[in-house]
Amino acid sequence: MTSTLFKLNDGNELPLLGFGTYLITRQSEITRVCDEALKAGYRSFDTAAFYNNETELGLAFKKLLPKHNLTRKDIYITSKLWIDDHGGGAKTENAAKESLRKLQCEYLDLYLIHWPGAGGLAPSNPNNAVVRRQTWSTLVNLHKKGLLKSIGVSNYNIRHIKELVSDCDGVKPAVNQVEWHPHIYQPDLLEECRSHGILLQAFSPLGGTNTKAVLQDPVVNSIAEQLKVTPGRVLIRWIIQHKVAVIPKAASSKHIEENVQVDFVIPPNLMEELNKRPIHRKYDWDSDNIV
Ligand SMILES: NC(=O)c1ccc[n+]([C@@H]2O[C@H](COP(=O)([O-])OP(=O)(O)OC[C@H]3O[C@@H](n4cnc5c(N)ncnc54)[C@H](OP(=O)(O)O)[C@@H]3O)[C@@H](O)[C@H]2O)c1
């Protein structure tokens, strides 16, 4: 699954199953986790300026790629622009270049606007739409220069996506990374993104680090028992069968290995049961009120 690729609307390819790194910050832990992830087959790594681990990831890859007989082009690195760096121009450009510097990369495979709202602006402030549009123009320039191979967004709802594709300097976002698991199944958002060739990528696929509600969901557990797999594997497989990309995070060796073992099939009736979970809530931040 880690070698399965999605073709993006800009012609580049993104690995279906990647690795989330939020909350892994100590150098020794980053190096161990990346070592185990590369050994398990992961080739795609998701970080963000906000995660405060780009420098550590850069150092880890420098050490680990030769060990695993890999080079930079064999791995896929995603980072994200933080809310304080919205607004385009030098501020946005410097933030992207700082991520490149910390990760010791000449290019990023994917760079996302982390959040549709700007730091310091109230969610209801109409200027949010103005500054995120300015941000996009700068990302398009960096994309055209080859520093950002693909560019996209994160936490954009249908309204934010419609607004951007209608006025995007000719470059539609390649990816929209959103919270996505059976407690926040969003077929309308999936449909909207697909209609523009935008790939949806699921963050917090296991419900995130703050709750076990999704992993402990009775339907998820009953399906896991029927298929003789773990609840975590059911959740990741459910996403993959929706043709949505996924980036589970795991610091424990057991989880790192377990989460790539998703080469089984959830039958259509059980997919439907997961689609129809009556709970509809995000456990992470919610951008719906960002103008
Ligand atoms: N764009 C955004 O706004 C945004 C927001 C949140 C996250 N993200 C990205 O998405 C990634 C994944 O989301 P997330 O970190 O919030 O949460 P997640 O991947 O849904 O869940 C991670 C939690 O699940 C545990 N876990 C991992 N595999 C498991 C398994 N097979 N069985 C049981 N438990 C398991 C992990 O434990 P251990 O670590 O102890 O193994 C950790 O506590 C992040 O790391 C980040 O890269 C993006």
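**Exercise 1. The setting of Leu-148**

Task: Determine in which strand Leu-148 has its place, and whether Leu-148 counts as buried or exposed.

Solution. Step 1: in this predicted model, Leu-148 belongs to strand 7, a strand that covers residues 148-154. Step 2: a residue is buried if 20 or more other C-beta atoms lie within 10 Å of its own. Leu-148 has 23 C-beta neighbours inside 10 Å, and therefore counts as buried. Step 3: with neighbours within four places in sequence left aside, the contacts of Leu-148 are Ala-96, Tyr-107, Leu-108, Tyr-111, Leu-139, Leu-142 and His-143. Step 4: some of these partners can be placed on known elements. Ala-96 falls within helix 3, residues 89-102; Leu-108 and Tyr-111 fall within strand 6, residues 108-113; Leu-139, Leu-142 and His-143 fall within helix 4, residues 127-144. Step 5: for a separation in space, take Pro-15, which is 133 residues from Leu-148 in sequence; the C-alpha to C-alpha separation is 16 Å.

**Exercise 2. The exposure of Ser-166**

Task: State where Ser-166 is found and whether Ser-166 counts as buried or exposed.

Solution. Step 1: Ser-166 lies in the loop that links helix 5 (158-165) with strand 8 (175-179). Step 2: the cut-off for an exposed residue is 12 or fewer C-beta neighbours within 10 Å. Ser-166 has 7 such neighbours inside 10 Å, so Ser-166 counts as exposed. Step 3: between the C-alpha atoms of Ser-166 and Ser-99 the separation is 28 Å, with the two positions 67 residues apart along the chain.

**Exercise 3. The order of the sheet**

Task: Give the order of the eight strands in the open sheet and identify the edge strands.

Solution. Step 1: the strand order is 3-4-5-6-7-8-9-10, and the pairing is parallel. Step 2: strand 3 (19-20) and strand 10 (245-246) are the edge strands, each pairing on one side only. Step 3: at the strand 10 edge, the partner is strand 9 (residues 199-203), joined in parallel by two bridges. Within this pair, Ala-202 has Val-246 as its bridge partner.

**Exercise 4. From strand 4 to strand 7**

Task: Trace the pairing from strand 4 to strand 5, from strand 5 to strand 6 and from strand 6 to strand 7, and describe the helices that intervene.

Solution. Step 1: strand 4 (residues 44-46) pairs in parallel with strand 5 over three bridges, and Ser-44 stands opposite Tyr-76. Helix 2 (residues 54-67) completes a right-handed β-α-β unit with these two strands. Step 2: strand 5 (residues 76-81) runs parallel to strand 6, with four bridges between them. These bridges include Lys-80 with Leu-112 and Leu-81 with Ile-113. Helix 3 (residues 89-102) lies in the right-handed β-α-β unit of strands 5 and 6. Step 3: strand 6 and strand 7 are parallel and share five bridges; here Leu-110 faces Ser-150. The chain passes through helix 4 (residues 127-144) on its way from strand 6 to strand 7, again a right-handed β-α-β crossover. Step 4: consider burial. Strand 5 is mostly covered, with six of six residues buried. In strand 6, six of the six residues are buried, so this strand is largely enclosed by the rest of the structure.

**Exercise 5. The whole protein and the ligand shell**

Task: Explain why the protein is as compact as a globular protein of its length, and list the residues that come nearest to the ligand.

Solution. Step 1: the protein has ten helices and ten strands. Its radius of gyration is 18 Å, close to the 19 Å that the globule rule gives for 291 residues; the protein is therefore as compact as a globular protein of that length. Step 2: the C-alpha trace spans about 55 × 45 × 35 Å along its principal axes, and 44% of the 291 residues are buried. Step 3: of the contacts between residues at least 6 apart in sequence, 75% join residues at least 24 apart. Step 4: there are 28 residues around the ligand, and Gly-20, Tyr-22, Gly-232, Lys-249 and His-255 come nearest. The shell is made up of nine nonpolar, 15 polar and four charged residues. Step 5: Gly-20 falls within strand 3 (19-20), an edge strand of the sheet.

Key. Residues are numbered from 1 along each chain as its sequence is written. This is a predicted model: local features need pLDDT of at least 70, side-chain atom pairs count only at pLDDT 80 or more; totals for chains, interfaces and linings use all residues. The radius of gyration is taken over C-alpha atoms; the globule rule is 2.2 Å times the number of residues to the power 0.38. Two residues are in contact if their C-beta atoms, placed from the backbone, lie within 7 Å. A residue is near a molecule or strand if its C-beta atom, placed from the backbone, lies within 6 Å of it. Ala, Val, Leu, Ile, Met, Phe, Trp, Tyr, Cys and Pro count as nonpolar, Asp, Glu, Lys and Arg as charged, and the others, Gly among them, as polar. Two strands pair if DSSP finds at least two bridges between them. A crossover is right-handed if, with the strands pointing away from the viewer, the path from the first strand over the helix to the second runs clockwise.
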